[in-house]
Amino acid sequence: MPVPPAPALFTFEFAADPYPAYAWLREHSPVHRTTLPSGVEAWLVTRYADARQALADTRLSKNPAHHSEQAHRSGRVGIPGERSAELMTHLLNIDPPDHTRLRRLVSKAFTPRRVAEFEPRVQQLTDRLIDSFAERGSADLIHEFAFPLPIYAICDLLGVPAEDQDDFRDWAGMMVRHAGGKRGGVGRAVKRMRTYLAELIHRKRAELTAQPLPGEDLISGLIRASDHGEHLTENEAAAMAFILLFAGFETTVNLIGNGLYALLRNPDQRALLQDALRRGDSALLAGAVEELLRYDGPVELATWRFATAPVTIGGTEIPAGDPVLVVLAAADRDPDRFDGPDTLDLARRDNPHLGFGHGIHYCLGAPLARLEGQIALATLLTRLPDLELAADPDDLRWRGGLIMRGLRDLPVRFTPG
Ligand code: HEM
(Lines give C-alpha, C1' and ligand atoms only; values in the text may rest on other atoms or scores of the structure.)
Protein backbone atom coordinates (compact mmCIF):
# COMPACT_ATOMS: atom_id res chain seq x y z
CA MET A 1 0.00 0.00 0.00
CA PRO A 2 1.37 3.41 -0.88
CA VAL A 3 2.15 5.63 2.10
CA PRO A 4 -0.39 8.47 2.32
CA PRO A 5 1.16 11.90 1.77
CA ALA A 6 2.79 13.63 4.74
CA PRO A 7 0.36 15.93 6.56
CA ALA A 8 0.91 19.68 6.80
CA LEU A 9 2.24 20.64 10.23
CA PHE A 10 1.74 23.90 12.16
CA THR A 11 -1.16 25.13 10.02
CA PHE A 12 -4.46 26.53 11.28
CA GLU A 13 -6.19 23.13 10.87
CA PHE A 14 -3.29 21.43 12.61
CA ALA A 15 -3.70 23.69 15.67
CA ALA A 16 -7.39 22.75 15.85
CA ASP A 17 -6.65 19.01 15.73
CA PRO A 18 -3.01 17.88 15.48
CA TYR A 19 -3.73 14.25 16.37
CA PRO A 20 -4.26 12.80 12.84
CA ALA A 21 -0.93 14.35 11.77
CA TYR A 22 0.78 12.90 14.85
CA ALA A 23 -0.67 9.45 14.05
CA TRP A 24 0.87 9.71 10.58
CA LEU A 25 4.25 10.73 12.00
CA ARG A 26 4.29 7.94 14.61
CA GLU A 27 3.59 5.43 11.90
CA HIS A 28 5.62 6.66 8.93
CA SER A 29 8.32 9.00 10.22
CA PRO A 30 8.56 8.68 14.01
CA VAL A 31 11.74 10.75 14.27
CA HIS A 32 10.99 13.44 11.77
CA ARG A 33 13.08 16.33 10.52
CA THR A 34 11.00 19.40 9.81
CA THR A 35 11.20 23.15 9.34
CA LEU A 36 9.45 25.03 12.10
CA PRO A 37 7.38 28.15 11.34
CA SER A 38 10.35 30.21 12.55
CA GLY A 39 12.50 28.66 9.80
CA VAL A 40 14.58 26.62 12.25
CA GLU A 41 15.20 22.97 11.37
CA ALA A 42 14.38 20.53 14.18
CA TRP A 43 13.59 16.87 14.85
CA LEU A 44 10.18 15.78 16.13
CA VAL A 45 10.09 12.64 18.29
CA THR A 46 6.56 11.20 18.36
CA ARG A 47 6.57 7.59 19.67
CA TYR A 48 6.10 7.01 23.40
CA ALA A 49 9.17 4.81 23.94
CA ASP A 50 11.43 7.17 21.97
CA ALA A 51 9.97 10.23 23.70
CA ARG A 52 10.60 8.83 27.14
CA GLN A 53 14.14 7.86 26.21
CA ALA A 54 14.86 11.29 24.72
CA LEU A 55 13.53 13.13 27.79
CA ALA A 56 15.98 11.22 29.98
CA ASP A 57 18.97 11.30 27.59
CA THR A 58 21.81 13.32 29.10
CA ARG A 59 23.33 13.88 25.64
CA LEU A 60 20.36 16.10 24.88
CA SER A 61 21.14 19.43 26.51
CA LYS A 62 18.74 22.19 27.51
CA ASN A 63 21.41 24.82 26.99
CA PRO A 64 20.78 26.70 23.72
CA ALA A 65 24.55 27.27 23.39
CA HIS A 66 24.61 23.73 21.98
CA HIS A 67 22.43 24.70 19.04
CA SER A 68 24.48 24.60 15.84
CA GLU A 69 22.66 27.72 14.68
CA GLN A 70 23.32 29.64 17.85
CA ALA A 71 22.44 32.82 16.07
CA HIS A 72 18.81 31.75 16.52
CA ARG A 73 17.60 32.76 19.91
CA SER A 74 14.57 30.63 19.14
CA GLY A 75 15.93 27.69 21.06
CA ARG A 76 15.72 29.43 24.39
CA VAL A 77 12.76 28.57 26.46
CA GLY A 78 11.51 32.01 25.91
CA ILE A 79 9.66 34.28 28.14
CA PRO A 80 8.08 36.25 25.30
CA GLY A 81 9.70 39.61 24.76
CA GLU A 82 12.40 38.85 27.34
CA ARG A 83 16.05 39.16 26.42
CA SER A 84 17.94 39.68 29.64
CA ALA A 85 20.52 36.98 30.27
CA GLU A 86 19.68 36.80 33.99
CA LEU A 87 16.08 35.78 33.45
CA MET A 88 17.06 33.31 30.74
CA THR A 89 19.18 31.37 33.21
CA HIS A 90 16.42 29.25 34.66
CA LEU A 91 15.71 25.55 35.11
CA LEU A 92 14.45 24.93 31.59
CA ASN A 93 17.57 26.35 29.93
CA ILE A 94 20.30 24.68 31.97
CA ASP A 95 21.90 21.26 32.58
CA PRO A 96 23.54 19.63 35.60
CA PRO A 97 25.37 20.56 37.72
CA ASP A 98 23.76 24.05 37.67
CA HIS A 99 20.32 22.54 37.19
CA THR A 100 20.82 20.15 40.11
CA ARG A 101 21.86 22.98 42.43
CA LEU A 102 18.98 25.31 41.50
CA ARG A 103 16.36 22.57 41.47
CA ARG A 104 17.46 21.37 44.91
CA LEU A 105 17.21 24.89 46.29
CA VAL A 106 13.78 25.60 44.83
CA SER A 107 12.51 22.19 45.94
CA LYS A 108 13.26 23.18 49.53
CA ALA A 109 10.86 26.08 49.21
CA PHE A 110 8.27 24.71 46.78
CA THR A 111 7.37 21.59 48.70
CA PRO A 112 4.35 19.30 48.22
CA ARG A 113 3.39 20.27 51.78
CA ARG A 114 3.31 23.97 50.92
CA VAL A 115 1.06 23.11 47.99
CA ALA A 116 -1.24 20.90 50.07
CA GLU A 117 -1.65 23.69 52.64
CA PHE A 118 -2.70 25.94 49.80
CA GLU A 119 -5.81 23.86 49.01
CA PRO A 120 -8.38 26.01 50.92
CA ARG A 121 -7.09 29.10 49.17
CA VAL A 122 -7.44 27.53 45.70
CA GLN A 123 -10.99 26.48 46.63
CA GLN A 124 -11.78 30.02 47.76
CA LEU A 125 -10.39 31.55 44.55
CA THR A 126 -12.33 29.04 42.46
CA ASP A 127 -15.61 29.81 44.24
CA ARG A 128 -15.05 33.54 43.98
CA LEU A 129 -14.52 33.31 40.23
CA ILE A 130 -17.62 31.14 39.73
CA ASP A 131 -19.64 33.60 41.89
CA SER A 132 -18.71 36.35 39.44
CA PHE A 133 -20.67 34.75 36.57
CA ALA A 134 -22.94 32.09 38.14
CA GLU A 135 -26.07 34.29 38.08
CA ARG A 136 -25.62 35.27 34.47
CA GLY A 137 -26.30 31.84 32.97
CA SER A 138 -23.44 32.18 30.50
CA ALA A 139 -19.70 32.73 30.58
CA ASP A 140 -16.50 32.43 28.66
CA LEU A 141 -14.70 29.89 30.76
CA ILE A 142 -11.27 30.76 29.40
CA HIS A 143 -11.36 34.49 30.13
CA GLU A 144 -13.48 34.40 33.25
CA PHE A 145 -12.23 31.22 34.86
CA ALA A 146 -9.34 29.18 33.43
CA PHE A 147 -7.21 32.27 32.82
CA PRO A 148 -7.54 34.19 36.12
CA LEU A 149 -7.45 31.18 38.48
CA PRO A 150 -3.81 30.13 37.95
CA ILE A 151 -2.54 33.69 37.89
CA TYR A 152 -4.18 34.59 41.20
CA ALA A 153 -3.12 31.25 42.68
CA ILE A 154 0.49 31.69 41.73
CA CYS A 155 0.58 35.33 42.85
CA ASP A 156 -0.79 34.26 46.22
CA LEU A 157 1.68 31.45 46.53
CA LEU A 158 4.61 33.69 45.63
CA GLY A 159 3.43 36.39 48.05
CA VAL A 160 2.41 39.12 45.59
CA PRO A 161 0.12 41.40 47.66
CA ALA A 162 -3.59 41.22 46.72
CA GLU A 163 -3.71 44.86 45.57
CA ASP A 164 -1.04 44.19 42.91
CA GLN A 165 -2.49 40.95 41.53
CA ASP A 166 -4.71 42.59 38.91
CA ASP A 167 -1.59 44.14 37.39
CA PHE A 168 -0.19 40.63 37.07
CA ARG A 169 -3.41 39.49 35.46
CA ASP A 170 -3.05 42.24 32.84
CA TRP A 171 0.63 41.53 32.19
CA ALA A 172 0.03 37.81 31.91
CA GLY A 173 -2.83 38.48 29.49
CA MET A 174 -0.48 40.38 27.23
CA MET A 175 2.01 37.51 27.31
CA VAL A 176 -0.64 34.99 26.29
CA ARG A 177 -2.00 37.21 23.54
CA HIS A 178 1.55 37.33 22.27
CA ALA A 179 1.63 33.53 22.19
CA GLY A 180 -1.15 33.88 19.60
CA GLY A 181 1.07 35.96 17.36
CA LYS A 182 0.63 39.63 18.31
CA ARG A 183 3.65 41.32 19.79
CA GLY A 184 2.11 44.61 20.89
CA GLY A 185 3.02 45.65 24.41
CA VAL A 186 4.41 42.30 25.49
CA GLY A 187 7.95 43.59 25.97
CA ARG A 188 6.61 46.33 28.20
CA ALA A 189 4.47 43.90 30.20
CA VAL A 190 7.39 41.55 30.80
CA LYS A 191 9.64 44.44 31.78
CA ARG A 192 7.10 45.64 34.34
CA MET A 193 6.73 42.16 35.75
CA ARG A 194 10.48 41.77 35.95
CA THR A 195 10.98 45.11 37.72
CA TYR A 196 8.11 44.35 40.06
CA LEU A 197 9.46 40.91 41.01
CA ALA A 198 13.00 42.23 41.51
CA GLU A 199 11.66 44.91 43.88
CA LEU A 200 9.46 42.46 45.73
CA ILE A 201 12.36 40.07 46.25
CA HIS A 202 14.57 42.90 47.40
CA ARG A 203 11.93 44.13 49.85
CA LYS A 204 11.21 40.67 51.24
CA ARG A 205 14.89 39.98 51.70
CA ALA A 206 15.23 43.22 53.69
CA GLU A 207 12.18 42.29 55.79
CA LEU A 208 13.55 38.82 56.49
CA THR A 209 16.91 40.25 57.49
CA ALA A 210 15.27 42.72 59.87
CA GLN A 211 12.91 40.15 61.36
CA PRO A 212 13.91 36.60 60.51
CA LEU A 213 10.51 35.00 61.09
CA PRO A 214 9.69 32.17 58.74
CA GLY A 215 7.89 33.82 55.80
CA GLU A 216 4.71 32.13 54.70
CA ASP A 217 5.10 32.79 51.02
CA LEU A 218 7.20 31.12 48.36
CA ILE A 219 9.41 34.13 47.60
CA SER A 220 10.43 34.27 51.27
CA GLY A 221 11.01 30.53 51.05
CA LEU A 222 13.21 30.99 47.98
CA ILE A 223 15.27 33.66 49.72
CA ARG A 224 15.72 31.53 52.83
CA ALA A 225 16.32 28.20 51.06
CA SER A 226 19.83 26.98 51.58
CA ASP A 227 21.70 23.88 50.62
CA HIS A 228 25.09 23.18 52.17
CA GLY A 229 25.34 26.87 53.01
CA GLU A 230 24.42 27.96 49.48
CA HIS A 231 21.60 30.39 48.76
CA LEU A 232 19.96 31.71 45.62
CA THR A 233 21.26 35.10 44.54
CA GLU A 234 18.64 37.83 44.05
CA ASN A 235 18.92 37.35 40.28
CA GLU A 236 18.47 33.62 40.60
CA ALA A 237 15.47 34.10 42.87
CA ALA A 238 13.96 36.55 40.35
CA ALA A 239 14.54 34.13 37.45
CA MET A 240 13.01 31.35 39.54
CA ALA A 241 9.92 33.40 40.45
CA PHE A 242 9.56 34.28 36.79
CA ILE A 243 9.82 30.71 35.53
CA LEU A 244 7.33 29.56 38.14
CA LEU A 245 4.91 32.17 36.89
CA PHE A 246 5.63 31.51 33.28
CA ALA A 247 5.71 27.70 33.42
CA GLY A 248 2.78 27.49 35.80
CA PHE A 249 0.38 29.91 34.24
CA GLU A 250 -0.59 29.17 30.64
CA THR A 251 -0.13 25.44 31.23
CA THR A 252 -2.76 25.44 33.96
CA VAL A 253 -5.08 27.66 31.90
CA ASN A 254 -4.90 24.99 29.22
CA LEU A 255 -5.37 22.08 31.61
CA ILE A 256 -8.64 23.61 32.80
CA GLY A 257 -9.70 24.78 29.31
CA ASN A 258 -8.77 21.66 27.33
CA GLY A 259 -10.01 19.47 30.17
CA LEU A 260 -13.44 21.09 30.33
CA TYR A 261 -13.75 21.01 26.58
CA ALA A 262 -12.90 17.30 26.47
CA LEU A 263 -15.52 16.61 29.15
CA LEU A 264 -18.17 18.65 27.31
CA ARG A 265 -17.43 16.69 24.11
CA ASN A 266 -17.61 13.32 25.90
CA PRO A 267 -20.95 13.37 27.74
CA ASP A 268 -20.74 9.79 29.03
CA GLN A 269 -17.39 10.45 30.70
CA ARG A 270 -18.59 13.73 32.08
CA ALA A 271 -21.69 12.01 33.52
CA LEU A 272 -19.46 9.41 35.14
CA LEU A 273 -17.43 12.11 36.86
CA GLN A 274 -20.47 14.15 37.86
CA ASP A 275 -22.18 11.09 39.35
CA ALA A 276 -19.08 10.26 41.35
CA LEU A 277 -18.82 13.84 42.63
CA ARG A 278 -22.53 13.88 43.54
CA ARG A 279 -22.03 10.76 45.63
CA GLY A 280 -19.13 12.48 47.38
CA ASP A 281 -16.76 9.95 45.85
CA SER A 282 -13.67 11.87 44.81
CA ALA A 283 -11.64 8.79 43.89
CA LEU A 284 -12.32 9.21 40.17
CA LEU A 285 -11.29 12.87 40.15
CA ALA A 286 -7.52 12.42 40.46
CA GLY A 287 -7.43 9.80 37.69
CA ALA A 288 -9.71 11.98 35.56
CA VAL A 289 -7.25 14.87 35.65
CA GLU A 290 -4.40 12.49 34.69
CA GLU A 291 -6.44 11.20 31.77
CA LEU A 292 -7.23 14.75 30.63
CA LEU A 293 -3.49 15.50 30.75
CA ARG A 294 -2.87 12.48 28.53
CA TYR A 295 -5.78 12.98 26.17
CA ASP A 296 -5.26 16.67 25.37
CA GLY A 297 -2.48 17.95 27.58
CA PRO A 298 -1.47 21.61 27.79
CA VAL A 299 2.15 21.05 26.72
CA GLU A 300 2.07 19.71 23.18
CA LEU A 301 5.84 19.69 22.66
CA ALA A 302 8.36 19.53 25.49
CA THR A 303 10.70 22.50 25.56
CA TRP A 304 13.81 22.55 23.35
CA ARG A 305 16.69 20.11 23.64
CA PHE A 306 19.94 20.10 21.63
CA ALA A 307 22.12 17.12 20.69
CA THR A 308 25.59 17.58 22.19
CA ALA A 309 26.84 14.54 20.22
CA PRO A 310 25.34 12.39 17.47
CA VAL A 311 22.38 10.64 19.14
CA THR A 312 20.38 7.74 17.71
CA ILE A 313 16.69 7.79 18.58
CA GLY A 314 14.31 5.16 17.19
CA GLY A 315 16.98 4.11 14.67
CA THR A 316 17.48 7.63 13.29
CA GLU A 317 20.77 9.42 13.85
CA ILE A 318 20.45 13.03 14.93
CA PRO A 319 23.63 15.05 14.29
CA ALA A 320 25.31 17.04 17.05
CA GLY A 321 23.97 20.59 17.30
CA ASP A 322 20.47 19.80 16.04
CA PRO A 323 17.39 20.75 18.07
CA VAL A 324 15.12 17.94 19.25
CA LEU A 325 11.47 18.49 20.11
CA VAL A 326 9.73 15.70 21.99
CA VAL A 327 6.06 15.70 21.03
CA LEU A 328 4.35 14.80 24.31
CA ALA A 329 0.89 15.01 22.72
CA ALA A 330 1.86 12.41 20.10
CA ALA A 331 3.59 10.09 22.57
CA ASP A 332 0.56 10.14 24.86
CA ARG A 333 -1.66 8.84 22.02
CA ASP A 334 0.72 6.04 21.02
CA PRO A 335 -1.26 2.80 20.54
CA ASP A 336 1.90 0.83 21.39
CA ARG A 337 1.63 2.18 24.95
CA PHE A 338 -2.03 3.05 25.58
CA ASP A 339 -5.11 0.93 24.89
CA GLY A 340 -7.58 2.89 22.77
CA PRO A 341 -5.39 6.00 22.90
CA ASP A 342 -7.89 8.25 21.12
CA THR A 343 -10.64 7.46 23.62
CA LEU A 344 -11.13 9.57 26.73
CA ASP A 345 -11.37 7.05 29.56
CA LEU A 346 -11.42 8.77 32.95
CA ALA A 347 -11.17 5.44 34.74
CA ARG A 348 -8.05 4.38 32.79
CA ARG A 349 -5.76 2.49 35.15
CA ASP A 350 -2.45 2.17 33.37
CA ASN A 351 -1.66 5.79 32.55
CA PRO A 352 2.03 6.75 32.72
CA HIS A 353 1.45 9.83 30.53
CA LEU A 354 4.21 12.28 29.68
CA GLY A 355 2.09 15.42 30.15
CA PHE A 356 4.41 16.66 32.90
CA GLY A 357 7.54 15.47 31.09
CA HIS A 358 10.00 12.90 32.42
CA GLY A 359 13.51 12.84 33.89
CA ILE A 360 15.32 15.63 35.66
CA HIS A 361 13.17 18.40 34.14
CA TYR A 362 9.92 16.70 35.23
CA CYS A 363 7.41 19.41 36.07
CA LEU A 364 8.23 21.02 39.38
CA GLY A 365 4.71 22.40 39.66
CA ALA A 366 2.86 19.11 39.07
CA PRO A 367 1.35 18.98 42.60
CA LEU A 368 0.02 22.54 42.24
CA ALA A 369 -1.28 21.90 38.71
CA ARG A 370 -3.08 18.75 39.88
CA LEU A 371 -4.59 20.58 42.85
CA GLU A 372 -5.84 23.45 40.69
CA GLY A 373 -7.12 21.13 37.94
CA GLN A 374 -9.01 18.92 40.37
CA ILE A 375 -10.60 21.77 42.32
CA ALA A 376 -11.49 23.77 39.21
CA LEU A 377 -13.18 20.89 37.38
CA ALA A 378 -14.93 19.42 40.41
CA THR A 379 -16.28 22.78 41.59
CA LEU A 380 -17.54 23.84 38.18
CA LEU A 381 -19.29 20.52 37.50
CA THR A 382 -20.83 20.52 40.96
CA ARG A 383 -21.99 24.13 41.03
CA LEU A 384 -23.09 24.33 37.38
CA PRO A 385 -24.25 20.77 36.71
CA ASP A 386 -26.00 21.45 33.40
CA LEU A 387 -23.06 23.34 31.90
CA GLU A 388 -23.04 23.08 28.10
CA LEU A 389 -21.04 24.42 25.19
CA ALA A 390 -22.59 27.56 23.67
CA ALA A 391 -20.74 27.41 20.34
CA ASP A 392 -20.21 25.10 17.43
CA PRO A 393 -16.97 23.22 18.18
CA ASP A 394 -15.78 24.04 14.65
CA ASP A 395 -15.97 27.74 15.47
CA LEU A 396 -13.75 27.54 18.55
CA ARG A 397 -10.32 29.06 18.11
CA TRP A 398 -7.15 27.37 19.34
CA ARG A 399 -3.97 29.03 20.43
CA GLY A 400 -1.29 26.91 18.84
CA GLY A 401 2.07 28.22 19.93
CA LEU A 402 4.87 25.76 19.32
CA ILE A 403 5.03 24.45 22.87
CA MET A 404 1.52 24.87 24.20
CA ARG A 405 -1.93 24.16 22.87
CA GLY A 406 -5.14 25.59 24.27
CA LEU A 407 -8.45 27.27 23.50
CA ARG A 408 -8.72 31.01 23.08
CA ASP A 409 -12.32 31.01 24.27
CA LEU A 410 -14.83 28.54 25.66
CA PRO A 411 -18.37 29.97 25.66
CA VAL A 412 -20.82 28.02 27.83
CA ARG A 413 -24.37 28.35 29.15
CA PHE A 414 -26.04 26.89 32.23
CA THR A 415 -28.99 27.44 34.56
CA PRO A 416 -28.19 30.57 36.58
CA GLY A 417 -27.74 30.00 40.26
C1 HEM B 1 8.56 21.71 33.66
C2 HEM B 1 4.09 20.58 32.15
C3 HEM B 1 2.15 23.40 35.59
C4 HEM B 1 6.60 24.75 36.90
C5 HEM B 1 7.50 21.15 32.98
C6 HEM B 1 7.64 20.21 31.88
C7 HEM B 1 6.39 19.92 31.45
C8 HEM B 1 5.46 20.65 32.28
C9 HEM B 1 6.01 18.99 30.30
C10 HEM B 1 8.95 19.64 31.33
C11 HEM B 1 9.41 20.40 30.13
C12 HEM B 1 10.61 19.76 29.46
O13 HEM B 1 11.16 18.75 29.91
O14 HEM B 1 10.99 20.29 28.42
C15 HEM B 1 3.20 21.26 32.96
C16 HEM B 1 1.75 21.13 32.84
C17 HEM B 1 1.22 21.93 33.81
C18 HEM B 1 2.31 22.55 34.53
C19 HEM B 1 1.04 20.25 31.83
C20 HEM B 1 -0.22 22.20 34.14
C21 HEM B 1 -1.16 21.38 33.94
C22 HEM B 1 3.19 23.95 36.29
C23 HEM B 1 3.05 24.80 37.45
C24 HEM B 1 4.31 25.20 37.80
C25 HEM B 1 5.24 24.58 36.87
C26 HEM B 1 1.72 25.15 38.11
C27 HEM B 1 4.77 26.09 38.91
C28 HEM B 1 4.08 26.87 39.62
C29 HEM B 1 7.49 24.06 36.12
C30 HEM B 1 8.92 24.25 36.18
C31 HEM B 1 9.49 23.39 35.25
C32 HEM B 1 8.39 22.67 34.62
C33 HEM B 1 9.67 25.22 37.09
C34 HEM B 1 10.97 23.21 34.94
C35 HEM B 1 11.54 22.09 35.76
C36 HEM B 1 12.99 21.79 35.45
O37 HEM B 1 13.48 22.14 34.36
O38 HEM B 1 13.64 21.21 36.32
N39 HEM B 1 6.15 21.38 33.20
N40 HEM B 1 3.49 22.12 33.97
N41 HEM B 1 4.53 23.83 35.98
N42 HEM B 1 7.19 23.10 35.17
FE43 HEM B 1 5.35 22.52 34.66
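Hi everyone. I'd like to begin with one pair of residues: Leu-44 stands opposite Leu-325 in strand 10. That pair is a handy way into the structure, which is a predicted model, so please keep that in mind as we go.

Leu-44 belongs to strand 2, which covers residues 41–45. Strand 2 and strand 10 are parallel partners, joined over three bridges. On the strand 1 side things run the other way: strand 1 and strand 2 are antiparallel, with five bridges between them. There, Val-31 has Val-45 in strand 2 as its bridge partner. The two strands make a hairpin with five residues between them, and Gly-39 in the turn has a positive phi of about 95°. How much of strand 2 is buried? Four of its five residues are, so this strand is mostly covered.

Let's widen the view to the whole sheet. It is open, has five strands in the order 1-2-10-7-3, and its pairing is mixed. Strand 1 (31–35) and strand 3 (60–61) are the edge strands, each pairing on one side only. At the strand 3 end, two bridges connect strand 3 with strand 7 (residues 305–307), and this pair runs antiparallel. Leu-60 has Ala-307 of strand 7 opposite.

What lies across this sheet? Helix 3, residues 48–56, lies across strands 1, 2, 3, 7 and 10, and runs at about 125° to strand 10. Helix 2 (residues 19–28) is also worth a look, with Tyr-19, Ala-21, Tyr-22, Trp-24, Leu-25 and Arg-26 buried. The cover over those buried residues includes strand 1 and strand 2, along with helix 1 (12–16), helix 15 (283–296), helix 16 and strand 13 (405–407).

There is a second open sheet to show you, with three strands in the order 4-14-11 and antiparallel pairing. Strand 4 (138–140) and strand 11 (388–389) are at its edges with a single partner strand each, so each has one side without a neighbour in the sheet. Strand 11 and strand 14 (residues 411–413) are joined by two bridges, and Glu-388 has Arg-413 of strand 14 as its bridge partner.

Now, stepping back to the chain as a whole. It holds 17 helices and 14 strands. The radius of gyration is 21 Å, close to the 22 Å that the globule rule gives for 417 residues, so the chain is as compact as a globular protein of that length. For anyone setting up a box, the C-alpha atoms fill roughly 75 × 55 × 40 Å along the principal axes. Of the 417 residues, 55% count as buried. And among contacts between residues at least 6 apart in sequence, 71% join residues at least 24 apart.

On to the inside. The largest nonpolar core has 102 residues, and Leu-141, Phe-168 and Leu-410 have the most contacts inside it. Which helix gives the largest share of this core? That is helix 13, residues 234–265, with 18 residues. Apart from that core lies another, of 20 residues, including Val-311, Ile-313, Val-326 and Leu-354. As for Phe-168, leaving out residues up to four places away in sequence, its contacts are Ile-151, Cys-155, Val-160, Met-193, Tyr-196, Leu-197 and Leu-245.

Next, the metal. What does the protein offer the iron atom of the ligand? A single donor: the SG of Cys-363, 2.3 Å away. Cys-363 is in the loop between helix 16 (328–331) and helix 17 (366–383).

Another loop residue I'd point out is Asp-217, between helix 11 (186–210) and helix 12 (218–224). Is Asp-217 buried or exposed? Its relative accessibility is 13%, and the cut-off for buried is under 20%, so Asp-217 counts as buried. Beyond its sequence neighbours up to four places away, Asp-217 touches Arg-114, Leu-157, Leu-158, Gly-159 and Lys-204.

Finally, two backbone details. Most residues other than glycine have a negative phi, and most peptide bonds are trans. Phe-10, in the segment before helix 1, has a positive phi near 60°. With 23% relative accessibility, Phe-10 counts as partly exposed. The peptide bond from Pro-96 to Pro-97 is cis, with omega near 5°, and Pro-97 sits in the loop between helix 4 (85–88) and helix 5 (98–109).

That's my tour. Thanks for listening!

Key:
Residues are numbered from 1 along each chain as its sequence is written. This is a predicted model: local features need pLDDT of at least 70, side-chain atom pairs count only at pLDDT 80 or more; totals for chains, interfaces and linings use all residues. Side-chain values use heavy atoms; hydrogens and water are left out. Donors are N, O and S atoms within 2.8 Å of the metal (3.2 Å for Na, K and Ca); water is not among the atoms, so sites may look incomplete. A nonpolar core is a set of buried Ala, Val, Leu, Ile, Met, Phe, Trp, Tyr and Cys residues joined through side-chain atoms within 4.5 Å. Buried means under 20% relative accessible area, exposed over 50%, partly exposed in between (1.4 Å probe, protein chains only). Contact means heavy atoms within 4.5 Å. Two strands pair if DSSP finds at least two bridges between them. Axes are lines fitted to C-alpha atoms, for helices over the stretch in contact, and angles run from 0 to 180 degrees between N-to-C directions. The radius of gyration is taken over C-alpha atoms; the globule rule is 2.2 Å times the number of residues to the power 0.38.
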